[in-house]
Amino acid sequence: MSAATRRLTTAQALVRFLAAQYTERDGVRHRLVAGTWGIFGHGNVAGVGQALVEYGDVMPFHQGRSEQAMVHAAVGHARHLNRLSAQAVTTSIGPGATNLVTGAALATVNRLPVLLLPGDYFASHAADPLLQQLEHPSEADVSVNDALRPVSRYFDRINRPEALLASAPRAMRVLADPAETGAVTLALPQDVQAEAFDWPEEFFADRVWRVRRPAPDPEELGDAVRALRAARRPLIVAGGGVHHGEAEAALEALVDATGIPVASTQAGKGSLRHDHPADLGGIGHTGTAVADDLARTADLVIGVGTRYSDFTTASGTLFQDPGVRFLNLNITAFDAHKLAARTLVCDARAGLTALTGALSGHRVPSSYEDEYRAGRARWEETVRAALRADDENAVPTQTQVLGALDAVVGDEDVVINAAGSLPGDLHKLWRSRSPRQYHLEYGYSCMGYEIPAALGVQQAAPGVPVWALVGDGTYLMNPTEIVTAVQEELPVKLVLVQNHGYASIGGLSESVGAERFGTDYRHRAADGSFTGAPLPVDLAANAASLGMDVLRAKTVRELREALSTARAATRPTCVYVETAAGDAPGAQAWWDVPVAEVSARDAATGARARYEQAVADRRHHL
């Protein structure tokens with residue numbers, strides 16, 4: 001081997017390369033790929049697996065139990081670190097690889113970086129077909145990994161070792177670029193992983209990917225300032241881009257200077273502290289009454305780092321002022337141009353700071369501030385009533401569970417959720433105390449995200465109390481990473497809420513005329529109806545069998561005590577609580593779930609009539 005090259009296998013070279021990649025923003029450097037999750041099989045054990053043994057001193061390894069869950073853990077890690085650090089996930093071929101698809105879609109939908117390294121068939125076709133290989137009758141270069149193409153921001157199959165020299169830096173560029181990031185896939189044929197090559201030494205040199213803060217275009221900034229000065233009822237919609245850009249202080253400075261109120265998406269909640277006078281809480285279908293009322297009469301909506309999902313816009317029915325216009329500040333032009341908006345394509349912090357300077361002396365009318373502050377006070381009464389438990393010895397409702405948790409957590413705690421009825425309750429009721437506390441994955445709303453994501457967050461923030469809030473339906477989807485938490489000694493806290501079914505979809509089913517069909521976890525009678533008797537399932541015992549310490553709480557008092565104990569625990573701990581029925585604040589805005597246009601059943605025909613009335617309010621902002 002010459003002095004200028006190093007003879008390594010492709011997998012060894014990839015691991016060494018990844019260990020030398022860094023991001024840097026505002027002078028702070030992070031490992032771009034901080035570690036690798038893996039489950040090994042014949043598609044990666046002798047390639048990437050051997051390389052991770054060879055270079056374990058520079059690439060931390062985490063053993064997962066489910067391929068999808070490993071991606072969720074990596075996404076939780078990346079989100080908590082504001083997309084400045086990612087993790088890799090390696091799998092075997094076949095089912096190991098296809099199990100990545102859901103997690104990859106979640107990462108890309110949410111604009112969060114994760115590097116996927118699935119094994120693939122032999123590039124040489126020497127063993128063809130091999131175990132777990134999908135044969136295509138007319139396209140021999142197709143593998144199951146092609147299912148990852150539409151859910152990846154970058155995809156390549158490394159059919160020769162030297163292809164990595166070009167592809168690996170391209171993959172890192174996408175991971176580190178906030179305007180392009182998402183799932184990045186390098187499919188690795190298993191024979192190529194083990195093949196040796198003379199690699200140039202410079203391939204392994206430290207490389208820094210600077211995460212830019214692009215400033216707004218002066219002409220776009222001028223248009224934005226004129227629109228803001230002309231508006232009488234402006235409203236900021238804060239999305240996840242505020243957090244990713246670490247722009248919370250810049251947002252607060254703009255709001256303090258101008259008095260413009262802020263409503264937040266699920267990803268943007270916590271952009272302002274809950275007790276800031278201009279914070280209106282969540283917006284849209286799961287939003288607060290004050291935020292949605294102001295949205296209906298806003299004449300200028302300023303979206304900051306949001307992609308305007310249908311939950312945010314109430315499926316196009318929320319922003320009802322006849323002359324409403326949009327101004328979108330986003331690092332991604334694709335999102336900035338939505339709703340025919342004026343655009344500020346720039347970094348969130350840079351754009352908000354520029355707006356504050358250019359708007360010097362401008363403030364919204366005092367009557368507008370009085371109006372939204374009064375609305376805030378009314379909604380806070382709703383929050384207090386929902387979270388309060390008057391009887392300490394009663395079985396808690398779900399919102400009282402949140403009230404008990406609210407009383408226990410500190411500003412530094414992180415609360416994670418993704419699916420079921422909890423996201424709606426949290427968006428309306430949770431009092432966010434810091435930018436990183438509220439961690440809701442609602443771009444893909446993926447059941448099974450919460451527990452593995454808590455592991456990724458705990459790795460990113462050692463010593464911080466991390467809570468995964470999980471309903472029974474979500475728990476049954478993906479509890480396996482409890483074993484990983486025990487193995488890696490990650491003291492995550494699991495709040496397991498048992499209500500014997502898919503409560504969120506049950507309510508939705510009833511509202512759209514599907515009569516709660518298939519949403520209960522209960523015994524069925526001979527005629528197919530539910531008997532009402534819960535199934536003899538003990539999820540707390542299951543969590544204990546996987547290695548968690550489990551605290552059972554039957555009353556509000558026991559719940560509060562159990563949560564306090566869990567917060568102080570130094571190993572994985574589950575608080576199990578069976579909830580009573582209770583009324584959470586209802587939806588303050590509509591959501592479009594199409595209803596059967598014809599039916600012989602009264603439930604469906606009634607739901608269709610309500611649907612047609614609601615959909616008539618939809619607007620296309622052109």
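Q: Where does Ser315 lie in this predicted model?
A: Ser315 lies in the loop between α12 (310-313) and β16.

Q: What is the sign of phi at Ser315?
A: The general idea comes as a background rule. Most residues other than glycine have a negative phi. In this structure, phi of Ser315 is near 55°, a positive value in a residue other than glycine.

Q: Is Ser315 buried or exposed?
A: A residue counts as buried under 20% relative accessible area. Ser315 has a relative accessible area of 8%, so Ser315 is buried.

Q: What is phi of Glu515, and where does that residue lie?
A: Phi of Glu515 is near 60°, a positive value in a residue other than glycine. Glu515 is found in the loop between α21 (503-511) and β22 (522-524). With a relative accessibility of 38%, Glu515 counts as partly exposed.

Q: Which peptide bond joins Asp128 and Pro129?
A: Again the background rule goes before the case. Most peptide bonds are trans. The bond that joins Asp128 and Pro129 is cis, with omega at about 5°. Pro129 has its place in the loop between β7 (114-120) and β8 (154-157).

Q: Which residues of helix α14 are buried?
A: Helix α14 covers residues 348-358, and its buried residues are Ala348, Gly351, Leu352 and Leu355. Viewed down the axis of α14, these buried residues fall within an arc of 95°, so they line one face of the helix.

Q: Why do residues three or four places apart in an α-helix point the same way?
A: An α-helix has 3.6 residues a turn, so residues at that spacing point the same way.

Q: What do the buried residues of α14 pack against?
A: They pack against the helices α8 (218-230), α9 (240-244) and α10 (248-258). They also pack against the strands β15 (300-304), β16 (325-330) and β17 (342-345).

Q: Which residue caps the N-terminal end of α14?
A: Asp347 caps that end: one of its side-chain oxygens lies 3.0 Å from the backbone nitrogen of Arg349.

Q: What is the strand order of the open sheet that holds β15, β16 and β17?
A: This sheet has six strands in the order β14-β13-β12-β15-β16-β17, with parallel pairing. Its edge strands are β14 (279-282) and β17, each of which pairs on one side only. Neighbouring strands are turned by 20° against each other on average, direction ignored.

Q: How many bridges pair β15 with β16?
A: β15 and β16 pair over five bridges in the parallel sense. Gly303 stands opposite Asn328 in β16.

Q: Which strands of this sheet do α10 and α14 touch?
A: α10 packs on the sheet and touches β12 (234-238) and β13 (262-264); its direction makes about 170° with that of β12. α14 packs on the sheet too, touching β15, β16 and β17, and its direction makes about 130° with that of β16.

Q: What is the order of strands in the open sheet that includes β20 and β21?
A: Six strands form this open sheet in the order β19-β18-β20-β21-β25-β24, and the pairing is parallel. β19 (438-440) and β24 (549-553) stand at the edges with a single partner strand each, so one side of each is left without a neighbour in the sheet. The twist averages 20° from one strand to the next.

Q: How many bridges join β20 to β21?
A: Five bridges join β20 (residues 466-471) to β21 (residues 493-498), and the two strands run parallel. Ala468 has Leu494 in β21 as its bridge partner.

Q: Which strands does helix α23 lie across?
A: Helix α23 (residues 556-568) lies across β20, β21, β24 and β25 (573-578), running at about 160° to β24.

Notes: Residues are numbered from 1 along each chain as its sequence is written. This is a predicted model: local features need pLDDT of at least 70, side-chain atom pairs count only at pLDDT 80 or more; totals for chains, interfaces and linings use all residues. Side-chain values use heavy atoms; hydrogens and water are left out. Buried means under 20% relative accessible area, exposed over 50%, partly exposed in between (1.4 Å probe, protein chains only). Helices (H or I, at least four residues) and strands (E, at least two) are DSSP runs, numbered from the N terminus. The arc is that of the directions from the helix axis to the C-beta atoms. Contact means heavy atoms within 4.5 Å. A polar contact is a pair of N or O atoms within 3.5 Å; within protein, one must be able to donate a hydrogen and the other to accept it, and residues adjacent in sequence count only if both atoms are side-chain atoms. Two strands pair if DSSP finds at least two bridges between them. Axes are lines fitted to C-alpha atoms, for helices over the stretch in contact, and angles run from 0 to 180 degrees between N-to-C directions.
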